[in-house]
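User: Could you take me through the charged side chains and the cysteines of this protein?

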Amino acid sequence: TSVCQGYSNLFYRLALELGVDARIVSGDAGGAHSWNIVKLGNSYYYLDSTWDAPYSAAGYDYKYFLIGSDSLLRDHTPDAGVVEYYPVSKTDYEPGKTSDEPKLPEGTIANGTCGDNLTWVLSEDFVLTISGKGAMDDYGWSGEQPWADHSWEIVKVVVGNGATNIGENAFAGFEALTEVELPETLTDICEYAFGGCALLTAIELPGSLTTIGAEAFAGTGLTSVVIGNGVKSIAYGAFGACTALESVKLSNQLKTIESGLFAGCRALKTIEIPEGVTKIGDSVFEGCYALKSVTIPASVTEIDAFAFNFCESLATVYFGGSKAQWDAIEIGDENDFLLGAQLVCAGADDDDGDELIAQAKAAGLLKYLEVTDVSASLTRLEAVKLLVAMMELEPVSGATLPFADCDALTQEEKELVAAA
């Protein structure tokens, strides 16, 4: 003996063994109940083996064997989503009779809707094409996508012109997905839309894109990504755990680099934070073991805790402002690798140029210049260029130059000195 769950599970296992497309359906039939749907031709039909099990004097009476929705809904109510995701026939199955449901186009495995004005078609070569206009539906993680039954075999997704977003979890965890085409009408890629697509190694983001949701590409196989300047917001962890990601170009419209954005991207070697960003959130680059250099603009005023935690290869920090500006940045805990890297400041502190000129005077170099006065408002780089010009006029034996400690110079200054 068994209850409805046992009957429906047993039938499901038998159907699988026979290669028959079947599903378990739950709902209400005077109480919590479960039964099955079976695909025959282009449509699904209901089958309730529990209610057909009793034996009467007249023998077995199969009232719930391969029936349509018109018959079943008299005393059964399926849970929401069954009718939406599976094309259940309205009429009962009759051998040899054509289903009342429309036939799928030739070469098509499945189709349906994925938004108020969006439809989808899955071809026999496992290319999922989405057509129409407007927003895509959001989905939960537990197989709510209408194409969930084929998530493990879809290799390509083509989103047609007119679609405005990729819904939450739309293609999350697609094991075989290697290629994605996105339209220039797309503005939003929502939370975990492509999360966990480990074989997705490249994607071209459209210029129309403005928002990338949390963990949208987390755990993918992306090796590089270019984020256009139309993007104004990238949520936390959007590219986290992309272990093959080596290069990134960020939008110049960003104001904040959100938490964990590139955490665990262990192949990332260099990154340039765009001018205008004021905050680098917590754990943004945590676990980026290969990160060797980072460029931080003078606009940054806050670097949160753990932002560069475990960035053990970090050797150089290029900062767009002066040393005084760098010292004014509020830097959180567990950023030892950031603070331990060589700091190269592009901006000049007020007295840098004057100090170098003073050293030049002490070394007796100014006599070689074809000028009678030196401005006291020189920047550090201008002073270095001036001293290099002096060296080119006539080397001074034994003079104490301000280049003795070359590690204190910026790369541009080193190149000037080397050329001299």
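The questions and answers below deal with salt bridges and disulfides.

Analyst: This is a predicted model, in which local features need pLDDT of at least 70, side-chain atom pairs count only at pLDDT 80 or more, and totals for chains, interfaces and linings use all residues. Residues are numbered from 1 along each chain as its sequence is written, and side-chain values use heavy atoms, with hydrogens and water left out.

User: How many salt bridges does the structure hold?

Analyst: A salt bridge is taken as a side-chain nitrogen of Lys or Arg within 4 Å of a carboxyl oxygen of Asp or Glu. By that criterion, the number of salt bridges in the structure is 6.

User: Which residue forms a salt bridge with Lys156?

Analyst: The closest N and O atoms of the pair are 3.1 Å apart. Lys156 lies in strand S11 (residues 156–159) and its partner in strand S13 (residues 179–181), strands being DSSP runs (E, at least two residues) numbered from the N terminus, so the pair ties together parts that are 25 residues apart in sequence. The partner is partly exposed, at a relative accessible area of 36%, where partly exposed lies between buried (under 20%) and exposed (over 50%), with a 1.4 Å probe and protein chains only. The residue is Glu181.

User: How many disulfides does a search of the whole structure find?

Analyst: A disulfide requires a pair of cysteine sulfur atoms within 2.5 Å. Cys114 counts as buried at 0% relative accessibility, and Cys197 likewise counts as buried at 0%. For the whole structure, the number of disulfides found is 0.

Notes: Helix = DSSP H or I, 4+ residues; strand = E, 2+ residues; numbered from the N terminus.
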